[in-house]
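Let's take a walk through this model together, one region at a time. Keep the structure open beside you, and turn it as we go.

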Amino acid sequence: LPRYFVGVLDKESGQMEVYNAEIFNMQPLLSGRKILCLTPAPESQRARPMYTVEVLESLTKLSLFRVSAALSRYGLLREAWKLSVQQCALIYFSLAQMDLCIEAFGTSKQKRALNSRRMNAVGNDILNTAVTKAAANIIDAKGVTALVQDVAQDDVQNVSIFLPPCNEDADKPDEVYKFADILSPAEYEALQVPAAVFVNITPEEITKKTEDKSHCSFVLEELKFLPADEKSRDHKARCLWFLDTLIKFSYLKVIKKKHPMGPECPHIISRKLMKNFTSLTYNNGSVQNLISASMKAKITAYVIALALHINNFQTDLTVLQNDMKLQESRMMDIAKAMRLKISKAKGLPGLESDQNHKLGTLSLPLPVQKASGNQRKRKRM
């Protein structure tokens, strides 16, 4: 085992005397007051003054070690040596006293940290008094009822950031969430080519796709009821293809490819997905596109709006919830934020028949949006 020594240099004679030493790693204990007990070491071990130092907290011994008198330049041991052999020096350390020690003996880094902490410190009493007074002034000025209404309005505004533009003065349901706000004319035109596979799909192909689960349940069910009219059939096929793409896009976490939905997805649609439904994050030295929880909520809102246009403004929210892999409470929160009327409905045949399906209906006049009656923690969209 390695041995350690402490050398004491006599500046006048230039000679150094060497003593046995032990290495201890000391950690400050700042949870409460510490007691440092210093007593002289046994006579047989005192060629030079040596001390036995006991560190205690709540009168419980934590460690025992020896310190050479060569360290007496800190003053603490030198003063303790003036005591009689039978006496013990008890020094109490608090956080404030530790700060004084840092001022006297700390490193430059410790002193800078101490100064920074003191400059930024605000007395708890002063802060609490100021906050209480400010709150009382606001309550006196606006009243409790007005404050509750303000909080409810803030909730509405926070949620509305992730919803399609809502026209509350609409005269018809199709004007509440306008189709052009979901798909622009240029984007709608670009969907003609990829949606052609849906326009010409056969019942056998639908059955095979259902077995392969190559598309979401909502789309597979709606493909069974494509209109016979060529124009209406093409319109519904385009909507279904984009809705299916949105749902598949929501499954991604971090977007690493330039065209994450494959080469068959039109460039204008890929750009729309990346621009409107991802957030930028910095990771490992590069900027990445991330589908966060709030972005998934936004995708869900646009999926609901598009499903309403497809199904004459009434849609099975439970089927969409299963396709989006969301909890029911999350889906209902988004649907209520979109001002839908929620009712119970029997699920479609073969689709989660054990569940109580929820039907979302967009009708006029729009229901008044209310703040949540319970006091749960506000959810992030």
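**A three-stranded sheet and its surroundings**

S279 stands opposite L290 in β9. That residue pair is a good place to begin, and please keep in mind that the model you are looking at is predicted.

Now widen the view to the sheet around this pair. It is an open sheet of three strands, in the order β7-β9-β8, and the pairing is antiparallel. Its edge strands are β7, covering 254-255, and β8, covering 279-283, and each of them pairs on one side only. In general, strands of a sheet pair through backbone hydrogen bonds, either parallel or antiparallel. Between β8 and β9 the antiparallel pairing runs over five bridges. On the other side, β7 pairs with strand β9, residues 286-290, over two bridges, again in the antiparallel sense. What stands opposite V254 in β9? The residue to look for is L290, which you have already met opposite S279. One step along, I255 has N289 as its bridge partner in β9.

Next, go to the start of the chain, where strands β1 and β2 pair in the antiparallel sense over six bridges. Within this pairing, V8 has E17 of β2 as its bridge partner. The two strands form a hairpin with six residues between them, and there G14 takes a positive phi near 80°.

The hairpin strands also contribute to the surface. F5, L9, M16 and V18 form a nonpolar patch there, and together they have about 420 Å² of accessible area. The elements giving two or more residues to this patch are β1 (4-9) and β2 (16-21). Take F5 as an example: its place is in strand β1. Is F5 buried or exposed, or somewhere in between? Its relative accessible area is 48%, so F5 counts as partly exposed.

Let's turn to charged side chains. The count of salt bridges comes to eight, and three of them make useful stops on this tour. Start with K272 and E187, whose side chains meet in a salt bridge at 3.2 Å, N to O. Because K272 lies in helix α12 (residues 267-276) and E187 in helix α7 (residues 185-190), the pair ties together parts that are 85 residues apart in sequence. Both K272 and E187 are buried.

The salt bridge between K208 and D212 has a local setting. Their side chains meet at 3.0 Å, N to O. Both residues lie in helix α9, which spans residues 203-212, and they are four residues apart, about one turn of the helix. As for exposure, D212 has 47% relative accessibility and therefore counts as partly exposed.

For the next salt bridge, find K358 and E328, where the closest N and O atoms are 3.0 Å apart. K358 lies in strand β12 and E328 in helix α15 (residues 328-337), so this pair ties together parts that are 30 residues apart in sequence. How exposed are the two partners? K358 has a relative accessible area of 16%, and because the cut-off for buried is under 20%, K358 counts as buried. E328, at 35% relative accessibility, counts as partly exposed.

Stay with strand β12 for a moment, since T361 is found there too, within residues 357-361. With a relative accessible area of 18%, T361 is buried. Which side chain makes a polar contact with the side chain of T361? The partner is Q314, at 3.0 Å. Leaving aside residues up to four places away in sequence, T361 touches F313, Q314, L340 and K341. Q314 therefore appears both in this list of neighbours and as the polar partner of T361.

A last stop takes us to helix α8, residues 196-199, where V197 is found. At 52% relative accessibility, V197 counts as exposed. Now look from V197 to A237: the two are 40 residues apart in sequence, and their C-alpha atoms are 8.4 Å apart in space.

Terms used:
Residues numbered from 1 in each chain as written. Predicted model: local features only at pLDDT ≥ 70, side-chain atom pairs only at ≥ 80, totals over all residues. Heavy atoms only, no water. Patch = residues over 30% accessible without salt bridge, like charges linked within 9 Å, V, L, I, M, F, W, Y side chains within 5 Å. Areas by Shrake-Rupley, 256 points an atom, 1.4 Å probe, with all protein chains shown as cover. Salt bridge = Lys/Arg side-chain N within 4 Å of Asp/Glu carboxyl O. Buried < 20%, exposed > 50% of the residue type's maximum accessible area, 1.4 Å probe, protein only. Pairing = 2+ DSSP bridges. Polar contact = N/O pair within 3.5 Å; in protein donor to acceptor, adjacent residues only side chain to side chain. Contact = heavy atoms within 4.5 Å.
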